[in-house]
Amino acid sequence: MIQGTGSDVGKSLIVAGLARVYTRRGLRVRPFKPQNMSNNAAVTADGGEIGRAQALQARAAGVPPSVHMNPVLLKPQSETGAQVVVQGRMAGTARAREYQAWKPRLLSAVVESFGRLRAESDLVLVEGAGSASEVNLRPGDIANMGFARATGTPVVLLGDIDRGGVIASLVGTKAVIDPEDAALVRGFLVNRFRGDPSLFSDGLTLIAARTGWEPLGLIPHFPDAARLPAEDVLGLKGAERPGGKVVAVPVLPRIANFDDLDPLRAEPGISVVLVEPGRPIPAEADLVLLPGSKTTIPDLAFLRAQGWDIDILAHRRRGGRVLGLCGGYQMLGTTVSDPQGIEGPPGTVAGLGLLDVATVLTAEKRLAAARGVSLPDETPFTGYEMHVGETEGPDAARPLLRLADGRADGAVSVDGLVCGTYVHGLFSDEGQRALWLSRLGAAPGPEAYEAVIEGVLDRLADHLEAHVDCDRLLALAS
Ligand SMILES: NC(=O)CC[C@H](N)C(=O)O
């Protein structure tokens, strides 16, 4: 199990890289993260949802993602509350305080899922969550040491030298955690090193002497990591390229399924501008892309508070294109209703009115892989659906897509410039991305997106083989 000295030290990336390392050695590898917190979820082959990082790690291991790879997924809905997804299904919503009471029940789901993965594989690579040293959260913990202790899983601690204080964070973790937890730690890794590695060899020796943990590697910074899908909204980056066609994306507080942006960020002819709160949507935008949202009504209120509604209307008047994906599609309609209060207080609000459709959020969540064709060009696509809303209205008589099961999806304005759809992942589809690039007048890049990701995973595995004692690490896994 890889645990971190803090959040965002690179645990997900290292687990993805190690998954590829050991898969290439012929082992049957499964990634596992007991508890994840993210609104960037992936649909699994078994019709549930898990954190996107585990889906990437599954890909690194050459297996389809399964709900058991991330049995507890917390999807933040407000500053204090989150939707709790257990083994891929929405189990309810919990406030941070109430969540403690959920934990014993969640631990049994976690242990059960872990057991399944162990039974079908040679190696389960487990990723912790946040920081191993949050001893205040240790009672009832299922994400880090609580999991390791319940299952007897050996731990390797990962520190990040780039943020500074790596010696203190590793030695300090040993100092604050329970000695019985510390006894599970077999070794440590130092991530994101820049410069001459020989300069830090004394540092590794010192950490080993102070902790009794074995140094397993000093991993140089891996710049290509930026090309892999980000899980955390904090890790979400634009890709601004002078001369590229501008796709402007307002960063909503509960932005969801923002993996939709990854293939666009990889396109050399596109400049993805993430519009942060407090900034206007750039007037030179060729496309305003409204992304998915975990909570459509509150995010719509936020969008208005930023004045982005006015910017979008001005963009539309200038003849610009607008595309709404899932929650963003819902926002483009005339109204959004949440009569049962699923995503916040019950109520109905006015949408941006750029599409003549209306949305009602229902208790039923749609979670499924999707395929079909876009209209009227009949270009095939694959993607996925993940939403509770249902959207209908006159503009839906001009759907954007037709699904393989015969359902129509999405809506297009009379002039064709405003489009919305529930389907995520369209830009990962080569044919669909090409279609949108041509609509924007951008030339497609030389490489298929899937090939880009595969190439980065292989190079990441080479990087870890070169800088981590992968034989020793495997021997430590019991
Ligand atoms: N993935 C999304 O954007 C979801 C949109 C909306 N929150 C719904 O569930 O219907």
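In the predicted model described here, a polar side-chain atom of N257 lies 3.0 Å from a nitrogen atom of the ligand. Two further contacts involve nitrogen atoms of the ligand. A polar side-chain atom of E343 is placed 2.5 Å from such an atom, and a polar backbone atom of S293 is found at 2.8 Å from a ligand nitrogen. In total, 15 residues surround the ligand, and those that come nearest are S293, Q330, E343, V388 and G389.

Confidence in the prediction was examined for the chain and for the complex. The chain has a mean pLDDT of 95, with 99% of its residues reaching 70 or more. For the complex, the predictor reports an ipTM of 0.97 together with a pTM of 0.93.

Enclosed space was then considered. A search of the whole structure returned two cavities of 30 Å³ or more. The largest of these has a volume of about 190 Å³. Its lining comprises 19 residues, and S293, K294, E343, M386 and H387 lie nearest its centre. S293 and E343 thus appear both among the residues that come nearest to the ligand and among those nearest the centre of the largest cavity. Two or more lining residues are contributed by each of β17 (292–293), α11 (327–332) and β22, with β22 providing the largest share, three residues. By class, the lining of the largest cavity contains ten polar, five nonpolar and four charged residues. Because domain 1 (2–226 + 455–476) and domain 2 (245–441) both give residues to this lining, the largest cavity lies between them.

The second largest cavity holds about 30 Å³ of space. Its lining is formed by L264, I270, L287, F427, W436, L437 and L440. Helix α12 (residues 430–440) gives the most to this lining, namely three residues. The lining of the second largest cavity has seven nonpolar residues, and neither polar nor charged residues occur in it.

Among the open sites, the second largest pocket was analysed. This pocket has a volume of about 630 Å³. It is lined by 24 residues, of which R52, R59, Y384, S428 and E450 are the closest to its centre. Elements giving two or more residues to the lining are β4 (41–43), α2 (52–60), β21 (358–374), β22 (379–392) and α13 (449–467). Helix α2 gives the most, with four residues. Strand β22 therefore recurs in the description, since it gives two or more residues to the lining of the largest cavity and also to that of the second largest pocket. The lining of the second largest pocket includes twelve nonpolar, seven charged and five polar residues. At least three lining residues are drawn from each of domain 1 (2–226 + 455–476) and domain 2 (245–441).

Two features of backbone geometry complete the account. A cis peptide bond, with omega of about 0 degrees, joins L375 and P376. P376 is located in the loop between β21 and β22, and both of these strands give two or more residues to the lining of the second largest pocket. The other feature concerns D8, a residue other than glycine with a positive phi, near 60 degrees. D8 is situated in the loop between β1 (2–4) and α1 (11–24).

Terms used
Residues are numbered from 1 along each chain as its sequence is written. This is a predicted model: local features need pLDDT of at least 70, side-chain atom pairs count only at pLDDT 80 or more; totals for chains, interfaces and linings use all residues. Side-chain values use heavy atoms; hydrogens and water are left out. On a 1 Å grid over the protein atoms alone, a cavity is a set of points where a 1.4 Å probe fits but cannot get out, and a pocket is an open set with protein on both sides within 12 Å along at least five of seven lines; lining residues have an atom within 4 Å of a point. Grid points are joined across faces, edges and corners, and a volume is the space filled by probe spheres set on the points. Ala, Val, Leu, Ile, Met, Phe, Trp, Tyr, Cys and Pro count as nonpolar, Asp, Glu, Lys and Arg as charged, and the others, Gly among them, as polar. Domain bounds come from an automatic or database domain assignment. pLDDT is the predictor's confidence in each residue, from 0 to 100. A residue is near a molecule or strand if one of its heavy atoms lies within 4 Å of it. A polar contact is a pair of N or O atoms within 3.5 Å; within protein, one must be able to donate a hydrogen and the other to accept it, and residues adjacent in sequence count only if both atoms are side-chain atoms.
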